[in-house]
Structures are given as C-alpha cells and as structure tokens.
Amino acid sequence: MDITNRDVREITMSKYFNKKTVPYWIIAVLVILIAIILAVHFKANSSSQTTTATVKTSSSSEKASSSTKKYVAGKDYKITYSNTNLIDKATIQKGLKASYLTDINDLMNTDQQTGSNMAKIEVYYNKDKNLLVERLFKNGYKDNQPTQTVGYDLQKHAMNLDKTFGNDYLNQPLVYTWEKLTK
C-alpha cells in the first residue's frame with residue numbers, strides 16, 4: 001500500500017474543510033466576529049443606558065431627600081407619641097405606613113392632585129378590637145371634625161376602611177398625633 005502526499009491530505013482533510021470551502025469558512029468566521037463585536041457594543045451601550053437611568057434615579061432621589069430636609073420637625077410639623085406603655089411606636093408606625101401616612105412631604109403638600117394636604121392626624125388605640133383608628137384632618141377642617149376616619153386592624157394587618165365608627169375611638173387612648181405647624 002503506497003500512500004502519497006495527496007492521499008494523506010485527502011484522508012486528513014475533512015470533506016467540510018477543503019480548498020473549495022475555505023472562502024466560506026473565512027466568511028463564517030468574519031460573520032461570527034462581527035456578531036460578537038456588535039453584541040459587545042450593544043451590551044456596552046445598554047449598560048451605559050442603565051447606568052444613566054441609575055444616575056437619573058439617584059439624582060431624583062437626592063432631590064426627594066433634599067426636599068425632605070425642607071420640613072423640620074418642631075418647626076414645620078410636630079409628632080407626639082403618648083400612652084406608649086399601651087402600644088409601642090413601631091406598631092403605630094406600621095399602621096401609619098399601611099395608610100400611607102409616613103411621608104412628611106406628602107402630608108405637607110397642599111396640592112389636591114398630588115398631596116395629602118393634611119393639617120392633623122390623630123391615632124387612637126382600641127385595645128379590645130386590636131385596632132388603630134386614624135382620624136385625618138385636611139387643611140381647612142372645622143369644629144374638630146375629621147375629613148376621614150380609617151382603621152388599621154393590628155391582628156389582620158389590614159386596613160379597616162368602611163368599618164370604623166365613632167365608638168371605635170371615642171373614650172380610647174390617643175397614642176399618636178401629627179400636626180402641621182406652618183400654614
């Protein structure tokens with residue numbers, strides 16, 4: 001058996017890679033390289049857009065935090081906790097947070113479209129019903145009549161919007177007051 005150089009090349013070279021298919025392989029490799037370059041370029045652009053969005057978000061949160069500093073406790077508003085031996089501050093805050101009553105900027109905002117426009121908030125604790133009753137007074141309230149009264153059921157961890165009545169808070173201990181001092 002006599003094997004020549006030509007025969008060795010034919011045996012070792014695949015039928016998919018020969019002189020006729022080399023240009024196609026070069027084109028295929030170039031296409032793959034271009035695809036990789038485009039993918040890297042696209043990924044770089046998309047991550048820079050994400051970074052830009054993050055920067056924008058952080059700058060808007062800086063604005064929000066700087067506007068938080070705009071209102072000063074004791075000067076613009078006053079918070080009073082009372083009867084803390086009956087219920088702790090964290091539980092009261094949990095009820096206020098569920099009612100969206102913890103954002104000072106929102107409470108102070110007098111714009112009817114975007115703000116709560118609050119003048120005062122009173123929270124009573126009904127121990128028998130395990131209920132926080134929040135009496136909300138918008139700016140312009142009269143005769144100590146709340147604009148709205150809502151409840152937060154501490155056992156169910158849910159708002160008790162339509163089921164809160166005067167007997168739920170009358171003769172119950174006042175545990176929290178938020179009051180706007182500036183007009």
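This dialogue reads the salt bridges and the nonpolar core of a predicted model.

Visitor: What kind of model is this?

Guide: The model is predicted, so local features need pLDDT of at least 70 and side-chain atom pairs count only at pLDDT 80 or more, while totals for chains, interfaces and linings use all residues. Residues are numbered from 1 along each chain as its sequence is written, and side-chain values use heavy atoms, with hydrogens and water left out.

Visitor: How many salt bridges are there?

Guide: Side chains of opposite charge can pair when their charged atoms come close. A salt bridge here is a side-chain nitrogen of Lys or Arg within 4 Å of a carboxyl oxygen of Asp or Glu. The count is three.

Visitor: Which residue pairs with Lys120?

Guide: Glu122, with the closest N and O atoms 3.3 Å apart. Glu122 also bridges to Arg135, at 3.2 Å. Arg135 is in strand β3 and Glu122 in strand β2, 13 residues apart; strands are DSSP E runs of at least two residues, helices H or I runs of at least four, numbered from the N terminus.

Visitor: Is Arg135 buried or exposed?

Guide: Buried means under 20% relative accessible area, exposed over 50%, and partly exposed in between (1.4 Å probe, protein chains only). Arg135, at 8%, is buried.

Visitor: Where do Lys129 and Asp168 lie?

Guide: Lys129 is in the loop between β2 and β3, Asp168 in the loop between β5 and β6, so their pair ties together parts 39 residues apart in sequence. Their N to O distance is 2.5 Å. Lys129 is partly exposed at 46%, whereas Asp168 is buried at 2%.
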